[in-house]
Amino acid sequence: MAGLCEGGKEPSGSIYMPRERRHYSEKYSKDYLRAAVGSVLKNRSSTYKASKKYNVPFNNLKRFLYAASGPDDVVIPKKGRPIALTVEEDQKLVT
């Protein structure tokens with residue numbers, strides 16, 4: 001059989017298509033995340049109960065709780081790469 005190595009396995013540098021990567025999106029809104037963090041910090045609710053009540057994953061809620069300095073200060077990072085140029089640099093290139 002052409003294209004197979006000993007034992008019937010594919011060669012390491014095969015010509016086969018790579019697997020598709022799955023892109024997962026969040027199933028909760030930023031408002032629910034803020035409400036869950038506020039519930040834990042203000043109302044002394046448990047992290048588990050807040051995650052179930054607001055339908056936010058438990059580990060995500062824990063991660064945002066560690067980063068939050070207060071109940072109203074939840075920093076939600078933007079997706080994707082950071083912007084390479086500042087607004088001033090961009091305007092300088094345009095003109």
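This passage describes the fold, the packing and the surface of the chain shown above, which is a predicted model.

The overall architecture is a good place to start. The secondary structure of the chain comprises four helices and zero strands, and the elements follow one another as α-α-α-α from the N terminus on. Helix α1 spans residues 30-43, and helix α2 covers residues 47-54. Further along, α3 takes in residues 58-67, while α4 runs over residues 87-94. Of the 95 residues of the chain, 19% count as buried. The chain exposes about 8900 Å², and carbon and sulfur atoms supply 53% of that area. Among contacts with a separation of 6 or more, 47% join residues that are 24 or more positions apart.

The pairing of α2 with α3 can be followed from two residues, Ser51 and Phe58. Ser51 sits in helix α2 and counts as buried because its relative accessibility is 5%, with under 20% being the range for that class. Once neighbours within four places in sequence are set aside, the contacts of Ser51 are with Val56, Pro57, Phe58 and Leu61. Phe58, for its part, belongs to helix α3. The relative accessibility of Phe58 is 34%, so this residue counts as partly exposed. With neighbours within four places again left out, Phe58 touches Thr47, Tyr48 and Ser51. The link to Thr47 also shows in the backbone: the C-alpha atoms of Phe58 and Thr47 are separated by 7.0 Å, although their positions lie 11 residues apart along the chain as a sequence separation. Ser51 and Phe58 thus appear in each other's contact lists.

The loop between α3 and α4 offers a pleasing contrast between two neighbours, Val74 and Val75. Val74 is placed in this loop and counts as buried, because its relative accessibility is 9%. Beyond the four nearest places in sequence, Val74 is in contact with Arg34, Val37 and Phe64. For one of these partners, Val37, the C-alpha atom is 7.5 Å from that of Val74, with the two residues 37 apart along the chain. Val75 is found in the loop between α3 and α4 as well, yet Val75 is exposed, as its relative accessible area is 55%. From C-alpha to C-alpha, Val75 and Leu65 are 9.8 Å apart in space and 10 residues apart in sequence.

Two other loops each hold a residue with a backbone feature worth a look. In the loop between α1 and α2 lies Arg44, whose phi is near 60 degrees, a positive value in a residue other than glycine. Arg44 counts as exposed because its relative accessibility reaches 74%, where over 50% is required. In the loop between α2 and α3 lies Asn55, which is not a glycine either and has a positive phi of about 60 degrees. With a relative accessible area of 55%, Asn55 is exposed too.

The surface and the segment before α1 complete the description. Lys30, Arg34, Lys78 and Lys79 gather on the surface in a patch of positive charge. Of these, Lys30 is found in helix α1 and counts as partly exposed, because its relative accessibility is 48%. Arg34, another member of the patch, is also one of the contacts of the buried Val74. Ahead of the helix, Glu26 lies in the segment before α1. Glu26 has a relative accessibility of 45% and therefore counts as partly exposed. The C-alpha atoms of Glu26 and Pro57 are separated by 9.3 Å, while the residues themselves are 31 apart along the chain. Pro57 has already been met above, as one of the contacts of Ser51.

Technical notes
Residues are numbered from 1 along each chain as its sequence is written. This is a predicted model: local features need pLDDT of at least 70, side-chain atom pairs count only at pLDDT 80 or more; totals for chains, interfaces and linings use all residues. Side-chain values use heavy atoms; hydrogens and water are left out. Patches are made of residues with over 30% relative accessible area and no salt bridge: like charges are joined within 9 Å, nonpolar side chains (Val, Leu, Ile, Met, Phe, Trp, Tyr) within 5 Å. Accessible areas come from the Shrake-Rupley method with a 1.4 Å probe; for residues, only the protein chains shown count as cover. A salt bridge is a side-chain nitrogen of Lys or Arg within 4 Å of a carboxyl oxygen of Asp or Glu. Lys and Arg count as positive and Asp and Glu as negative; His and the chain ends are not counted. The place of a charge is taken as NZ of Lys, CZ of Arg, CG of Asp or CD of Glu. Buried means under 20% relative accessible area, exposed over 50%, partly exposed in between (1.4 Å probe, protein chains only). Contact means heavy atoms within 4.5 Å.
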